[in-house]
Number of protein chains: 2
Amino acid sequence: MYEIFERFMLAQVALTPDDLQFIRSLSTIKKIRKRQFILREGEVARHKIFVCRGLLRTFSRKDDGTEYTMRFAAENVWTTDHESYYHQIPSKFNIDAIEDTTVVLWTRENFIELVETIPTLRTYVEEVMASSINAIQGRVLGNISYTNEEKYQDFINTYPDVFNRVPLHMVASYLGVSRETLSRIRHAQLKQR
Amino acid sequence: MYEIFERFMLAQVALTPDDLQFIRSLSTIKKIRKRQFILREGEVARHKIFVCRGLLRTFSRKDDGTEYTMRFAAENVWTTDHESYYHQIPSKFNIDAIEDTTVVLWTRENFIELVETIPTLRTYVEEVMASSINAIQGRVLGNISYTNEEKYQDFINTYPDVFNRVPLHMVASYLGVSRETLSRIRHAQLKQR
DNA sequence: CGATTCTTTGAAAACAGTCAATCTGTGTGG
DNA sequence: CCACACAGATTGACTGTTTTCAAAGAATCG
């Protein structure tokens with residue numbers, strides 16, 4: 001399973017066998033079953049997480065139980081609650097598994113050691129960071145400028161290999177509309193073809 | 001005017017007089033009058049911008065002319081279009097001045113030289129980056145979870161020294177509501193006291 | 001199969017958008 | 001200094017969309 005991660009990294013970064021060995025030596029593999037949590041609100045996010053297989057979801061809960069989905073992370077995607085991870089403070093978010101999932105983990109201390117030892121890795125991480133800023137900025141723009149139909153379409157474009165694996169009510173909670181409205185949007189879009 | 005920047009930085013980062021001198025030597029000061037642009041859609045964002053005085057606004061325009069405000073940057077705030085700056089590609093955004101504004105600028109090449117020469121500056125920049133990720137993430141959560149009243153209140157809390165200096169229709173374009181709706185929200189809130 | 005989770009539908013009420021008109025304040029030129 | 005123009009803000013009436021609530025219909029899983 002770990003090979004999935006290494007194959008992905010080799011396609012992204014020029015890493016030597018030594019680098020890879022070092023990265024591997026500080027990693028942990030973990031399996032999370034559907035509906036299990038890997039992070040709960042109030043806990044500190046101790047790890048950087050790479051998803052090898054499966055699907056994770058980051059969300060927050062209001063007092064009344066309503067859920068708001070911040071993001072999904074499927075195969076070959078990095079995730080964590082960045083704020084909690086970076087400052088080592090309690091997280092406002094939960095991360096759970098939508099499918100049975102396998103991840104590779106590094107603690108913050110270990111990961112810092114990695115990027116300080118491997119300059120190409122540092123550059124790569126900075127780039128991942130940069131593109132996640134762009135992605136989230138694009139989402140804000142969508143939030144304030146798109147119609148609900150466009151938001152849904154944009155979601156499909158942004159998560160082409162995820163949108164079909166996620167229950168509708170979670171998509172709705174990602175878009176910021178009620179599940180009934182999303183249901184009707186899809187109905188309307190079907191008619192248009 | 002440049003002293004504003006230096007005073008701010010000294011309060012944030014441990015910089016030596018040599019560091020400060022070096023940073024200054026690569027900087028440019030620029031004044032932008034109200035309604036003038038410092039970046040236009042399609043141009044490449046060549047600079048990191050620090051606002052000494054005044055107020056900038058980053059926004060995009062739809063074909064029909066509708067504007068969507070991504071952010072405001074007042075005194076002692078860094079800004080630029082990060083995506084364009086980082087990849088040196090054409091920007092999707094405009095940045096203009098809401099008030100007469102004075103900024104300090106560094107080109108990307110010069111700024112890279114700075115952070116590679118001054119490690120404490122690099123750390124600081126990474127922290128600014130990290131907290132801007134958190135801020136924008138908080139905005140997404142607001143977008144999908146708050147009522148319009150709450151969004152407006154959150155805007156006031158997030159930009160306490162800005163909200164009063166910005167025309168309402170720009171606030172509306174930041175929140176993603178029509179200016180009439182925002183007007184009515186304010187009216188309703190007044191009544192509540 | 002039965003239970004749970006997920007999705008859809010309908011109807012009513014709440015809400016936001018649009019259009020048009022009016023009001024307010026600011027600043028500029030005569 | 002005044003008058004006028006202009007940008008900004010508000011209001012009302014109307015329209016269209018979304019939420020909410022309730023119920024029922026699929027799909028999935030043990």
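Two strands are taken to pair if DSSP finds at least two bridges between them. Helices (H or I, at least four residues) and strands (E, at least two) are themselves DSSP runs, numbered from the N terminus. The model is predicted, with local features requiring pLDDT of at least 70 and side-chain atom pairs counted only at pLDDT 80 or more, while totals for chains, interfaces and linings use all residues. Residues are numbered from 1 along each chain as its sequence is written, and chains are lettered from A and ligands numbered from 1 in the order in which they are written.

We may start with chain A as a whole. Its secondary structure comes to 8 helices and 8 strands. The C-alpha trace of chain A spans about 55 × 35 × 30 Å along its principal axes. The radius of gyration, taken over C-alpha atoms, is judged against a globule rule of 2.2 Å times the number of residues to the power 0.38. For 193 residues a compact globule would have a value near 16 Å, and the 18 Å of chain A agrees with this. Burial was assigned from C-beta atoms placed from the backbone: a residue is buried if 20 or more others lie within 10 Å of its own, exposed if 12 or fewer, and partly exposed in between. On this basis 33% of the 193 residues of chain A count as buried. Contacts (C-beta atoms, placed from the backbone, within 7 Å) were also sorted by sequence separation. Among those in chain A between residues at least 6 apart in sequence, 72% join residues at least 24 apart.

The sheet of chain A comes next. Here 4 strands form an open sheet in the order β2-β7-β4-β5, with antiparallel pairing. The edge strands are β2 (37-39) and β5 (67-73) of chain A, each of which pairs on one side only. From one strand to the next, the twist averages 30°; axes are lines fitted to C-alpha atoms, for helices over the stretch in contact, and angles run from 0 to 180 degrees between N-to-C directions. Following the strand order, β2(A) is joined by 2 bridges to β7 (residues 94-97) of chain A, and the two run antiparallel; in this pair Leu39(A) stands opposite Ile95(A). Between β4(A) and β7(A), also antiparallel, there are 4 bridges, and Leu56(A) has Ala97(A) in β7(A) as its bridge partner. Strand β4 (residues 56-61) of chain A then pairs with β5(A) in the antiparallel sense over 6 bridges, where Arg57(A) is found opposite Phe72(A) of β5(A). Helix α7 (residues 168-175) of chain A packs on this sheet, touching β4 and β5 of chain A, and its direction makes about 100° with that of β5(A). A helix of the partner chain is involved too: α5 (residues 119-145) of chain B lies across β4 and β5 of chain A, running at about 130° to β5(A).

Chain B also holds an open sheet of 4 strands, in the order β2-β7-β4-β5 and with antiparallel pairing. Its edges are β2 (37-39) and β5 of chain B; each has a single partner strand, so one side of each is left without a neighbour in the sheet. Neighbouring strands are turned by 30° against each other on average, direction ignored. Strands β2(B) and β7 (residues 94-97) of chain B pair in the antiparallel sense over 2 bridges, and Phe37(B) has Asp96(B) as its bridge partner in β7(B). Asp96(B) is likewise the bridge partner of Arg57(B), within the antiparallel pairing of β4(B) and β7(B) over 4 bridges. Helix α5 (residues 119-145) of chain A lies across β4 (56-61) and β5 of chain B at about 130° to β5(B).

Where the chains meet, 19 residues of chain B are in contact with 19 residues of chain A. On the chain B side, β5 (67-73), α3 (82-87) and α5 each supply at least two residues, and α5(B) gives the largest share, 11 residues.

Finally, 15 residues surround DNA strand C, of which Pro167(A), Leu168(A), Ser183(A), Glu180(B) and Thr181(B) come nearest; a residue is near a strand if its C-beta atom, placed from the backbone, lies within 6 Å of it. Helices α7 and α8 (179-191) of chain A, together with α8 (179-191) of chain B, each give two or more residues to this surface. The most, 6 residues, come from α8(A).

Terms used. Contact = placed C-beta atoms within 7 Å.
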